[in-house]
Structures are given as C-alpha cells and as structure tokens.
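Here is a quick tour of one chain, with an eye on its charged pairs. Have a look at the model first, then read on.

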Amino acid sequence: MKSIGVKRYFLIILLSQSILVLEGYGVITEHAFMRQLVSAIEDGWGFETDRIDVEIKKIELKQSRIRQNGLRLDFKSSADFDYWDKNRTTNSSYIYTKKADNLERDLSLEASKRFLNNPSKLILSYDKGLPRNSYERFKQSDYYDSYKTHSNHSQLSIEWIIPLLKHSNGASDLKAYRRDQLDLEDTILSFLENKEDFIVEQLSKFYDLFKYQEQAKLYEKHKRDLQKLLKIETHKRIAVDRVLIELEKDFAQAQRSEESIRQDLSIRLNIPELKHELVSMNFLISSDLTQNLAFQLREQNRSLKRIQIDQDLKHIDIEYYKNQDLPDLNLKLKASHNIDQSTTRSSNYRDAENEYNILIEFDIPILGYRSNRKSLEISKLQLAKHEYDYQRKKNDLTAEINALQKSLKNSESILRSYENLIFASVQNRHQTFKNYQESLSSIDELLDAHSDELSVQLDSIEANIKYQKELLELKNLLDVLLISKIQSP
C-alpha cells in the first residue's frame, strides 16, 4: 500500500493543521481503536445470543455424533417362575408327574457400534440362561419319587451387519449427523458476519468522528485568522463579522456532531478516553485488494459459503432419498461360542461348540407408494433454487466489487489533486493578503480567499473519508476485515 505524499515541505499535512499522530501522546490512532474493537468482540459485547446459538448447535452435533457413532451398551435380565399341580384318578400303572415347578433366569449384555464413515453395525453380545426344574411323580395315587434338573447355557457372539444397497440401519441418524455438521458451520458463519458488520459500523463512526474533529479544528483556525483582521481593520468589521458568524455556526455544528459520536463510541466500546482525546487516521490508498476475485469470493465470502452450505444440505437429502429407494441387500456375518451344561435325573453333560453363520438378505418392493420419490424430486428442485441463488449472488458481488474498485481508482487521482489545490489555495490567500496590505485587493477578496482555502480543505477531508468508507465497504464485501485472532467464536 502507498500513502498520499505531500510535495511541499511547509504544507504539513494534506487535510489540515494537525497534531503529532503517535500512540501514547493523547491521541487515539485507528490501529488502537481497532484493538479496542477486537477486545469488545472477544469480551462478547452484543454477541451473547450469537454465542448461545453456536453452543446450541455444538450440543446438537455432539448428541447426533453420539447417537450415530457412540457405543451402545444394553443389559437385560429376567426371572420367570412356573408351578403346577395335577390331580389324576387312574387305574394305569404308568408313572406320571403330579407336581412341577420351573424357574427360568436369563441375562443378556449387548454392545453395539455404528460408524460415521460407513453404514455397517458391529454387535458383541453375551447371553446366559439358568433354567431349574423340580418334578414330583406319582404312580396311581401314591407318591413315587422326585428329582431336579439344572442347566447352564451361555453364548458369546459377534455379528457384523453390512448393508450393501439400502442403508436400513441408522440411515436417518447418519443423515442428521451430517446435517448438524453443516448447521454448526452455518451458525458460525452467521456469527462471524455479525462480528464483521459490527466492525464496519464502528469503524465508519470512527471515520465520521475524525471528519467532524478535523472540520472543527479548521473552523477554529480560520476563526482565529479572521479575528486577527479585526485588529487590523476595525472599520471593516461588518464584513468580517458576517463571515465569523457563519464560521461560528459551522464550528458549533461540527462540535455537536463530534461530541455525539464520541459519547456513543466511548460508552458502546467502553473507551472513556474517546470522550476527550483526539483521534487520528492514516489515509491510505489501497483499492487493489483482489488478486483472483473468483477464487477470493469462493474461498472467503461468507454469503456465498452459506448458500453453498444450503446446497450441501440438499445434496445430503438427495443422497439419503436415493439410497432409501434402493432394495435391501444385507450381508450378516456372525460367529458364536456356546457352552451348555446340564444335570438331568440320570446324567450330566457339558457341550461346547463354535458356530459360524453367513446370511444374505434381499428384499425389493414391487408395487406401492414410495414417499422417498416425492421427497427426492422436491429436494432436487430446491437444490436448483440454491444453485441459481449462488450464481446470482456471485454475479451481484462481482459487479458491486468491480464498481467499487472503479470508483476507488477514480477517487485516487482526485485525492492526489487536492495536494495542488490546497497548496494553490494557501498561496492565493497569502498573495491576496499581501495585495490587501498594499491596497491592491479588497476585504471581500481577502475573505473569499480564506473561504476558498477552507472549502478546499473541507472538501479534502470529505473526499478522504468517502474514499476510506468505500475501501471499508470493499473489504466488507470481500470478508477480509476479521483478523485471525477473532475468527473462531
């Protein structure tokens, strides 16, 4: 970047007679003001609801991630007791069971895991059964004998379910997780946009504060210069007084505007020094901010990024609806280790076996209404809307940025011309005053020379502030105002 130079040594600054611009000498620089803006943003000024919105989205994303990817552990236990008593009148000699009771105790523990990068599901389970039976037998109407049986069944298995076509296991949860990721990103972009809007608003006020401050200083200086004429030419007071009255009105108006902005910024940003200390700016020319506009808009512009997120959300929906319209084709792989120990009335035994299973399931609907197809067509049309919105927004931004850059380029030559204009107006005032002393010029001509000099200086301030605000607008369109320190909410 290059600053506006001053060709002549005695013309101290381009705008007006000003003071030394250094931090720590009772002057608040634009750089120091920007630091206060950063501090205000970091302290959460005015962004409490935005921060809450981001935290809500973070919680939603965390929960959807847990729902989709978290380890699920289920425990189930049951106990079932049965008892029956049979009364039989018979002349048969066969032995029969008159009383029996049965106690079934079962417990199971299942751990299941789904994944974020594929729709499969892994299940590890342990099941245990402890049945116990008691029998009392009779022969005809006489007690014969009684006995008990015990069993101990346990099974440890691992199963992997792989959907090859339609994602039938947790597909909606996976879609919700992917959408929540984009929703969080969109909320953060909205938060950053509000931060940048805040910076633009406050910097614009700072520029206006500087403008009114410099205007007031110019009015005051010209008042002092004209008041010196009153001591020289008391018989021509009326003409000078008329100009002084107008200057006093302009000076008072500039002071009121300056004081209003000082109060607003000092309270809003908690900078009490702004109520009384002077502010300063470095007027820089830097309209060439775009190396590759298309790339910068795609990578930096938050408005376009948010439309792109809307597109990505619809891509997720379309992918989901397309998948849900496919037939089921699931591959299930299972391996288990079973142990069975039992005690009967006449024997004991213990079995241990390994079992392996491969299952392929295929299911395709032949007829029937499918709501997925309706949702798919609607999502495709909504995606087309977002694509049009993206292109229109991109074209509008490109046109607006190009127009701003052209305006800034035109303004740069105008700003440089003020160097010669200010120098010429100062020279004209000195020459007119010299002519006036030699009675070659009238008091009205001298007052006109003062007015011309003041007008050029005021126009210079106005032109510079207008240029800086346009430059600020350009940076805002390019989304380059936020520094890295405050990018993350």
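How many helices and strands does the protein chain have? Eight helices and 11 strands. Keep in mind that this is a predicted model.

**Overall build**

Let's start with the whole chain. Along its principal axes, the C-alpha atoms of the protein chain fill a box of roughly 160 × 45 × 35 Å. The radius of gyration says something similar in one number: the protein chain has 43 Å, whereas a compact globule of 489 residues would come in near 23 Å. Of those 489 residues, 41% count as buried. The protein chain exposes about 28,200 Å², and 51% of that area is supplied by carbon and sulfur atoms.

What about contacts along the sequence? Among contacts in the protein chain with a separation of 6 or more, 79% are between residues 24 or more positions apart.

**Salt bridges**

Now for the charges. Side chains of opposite charge can pair when their charged atoms come close. How many salt bridges does a search of the whole structure find? It turns up 32. Here are a few, with the N to O distance for each.

| Pair | N to O distance |
|---|---|
| K58 and E55 | 3.8 Å |
| D208 and K469 | 2.7 Å |
| E453 and R429 | 2.2 Å |

Take K58 and E55 to begin with. Both sit in helix α2 (residues 48-69), three residues apart, or about one turn of the helix. That spacing suits a pairing on one side, because an α-helix has 3.6 residues a turn, so residues three or four places apart point the same way. Is this pair buried, partly exposed or exposed? K58 is partly exposed because its relative accessibility is 36%, and E55 is partly exposed too, with a relative accessible area of 43%.

The salt bridge between D208 and K469, at 2.7 Å from N to O, is a longer-range affair. This pair links distant parts of the chain, with D208 in helix α3 (residues 171-232) and K469 in helix α8 (residues 443-478), 261 residues apart. The two ends sit in unlike surroundings: D208 counts as buried because its relative accessibility is 15%, under the 20% cut-off, whereas K469 is partly exposed, with a relative accessible area of 28%.

Helix α8 also supplies a partner for the next pair. E453 forms a salt bridge with R429, and their closest N and O atoms are 2.2 Å apart. E453 lies in helix α8 and R429 in helix α7 (residues 371-437), so the pair ties together parts that are 24 residues apart in sequence. Both E453 and R429 are buried.

Some of the charges go beyond simple pairs: E193, E196, R302 and D479 are joined into one network by salt bridges that share partners.

**Helix α8 and what follows**

Back to helix α8 itself. Its 36 residues reach 53 Å from the first C-alpha to the last, close to the 52 Å expected at 1.5 Å a residue. After α8 comes D479, which has a positive phi, near 55 degrees. D479 is also one of the residues in the network described above.

**One more spot**

Finally, where does E319 sit? Its place is in helix α6 (residues 302-324). E319 is partly exposed because its relative accessible area is 48%. The C-alpha atoms of E319 and L376 are separated by 8.7 Å, though the two residues are 57 residues apart along the chain.

Key:
Residues are numbered from 1 along each chain as its sequence is written. This is a predicted model: local features need pLDDT of at least 70, side-chain atom pairs count only at pLDDT 80 or more; totals for chains, interfaces and linings use all residues. Side-chain values use heavy atoms; hydrogens and water are left out. A salt bridge is a side-chain nitrogen of Lys or Arg within 4 Å of a carboxyl oxygen of Asp or Glu. Helices (H or I, at least four residues) and strands (E, at least two) are DSSP runs, numbered from the N terminus. Buried means under 20% relative accessible area, exposed over 50%, partly exposed in between (1.4 Å probe, protein chains only). The expected span of a helix is 1.5 Å times one less than its number of residues. The radius of gyration is taken over C-alpha atoms; the globule rule is 2.2 Å times the number of residues to the power 0.38. Contact means heavy atoms within 4.5 Å. Accessible areas come from the Shrake-Rupley method with a 1.4 Å probe; for residues, only the protein chains shown count as cover.
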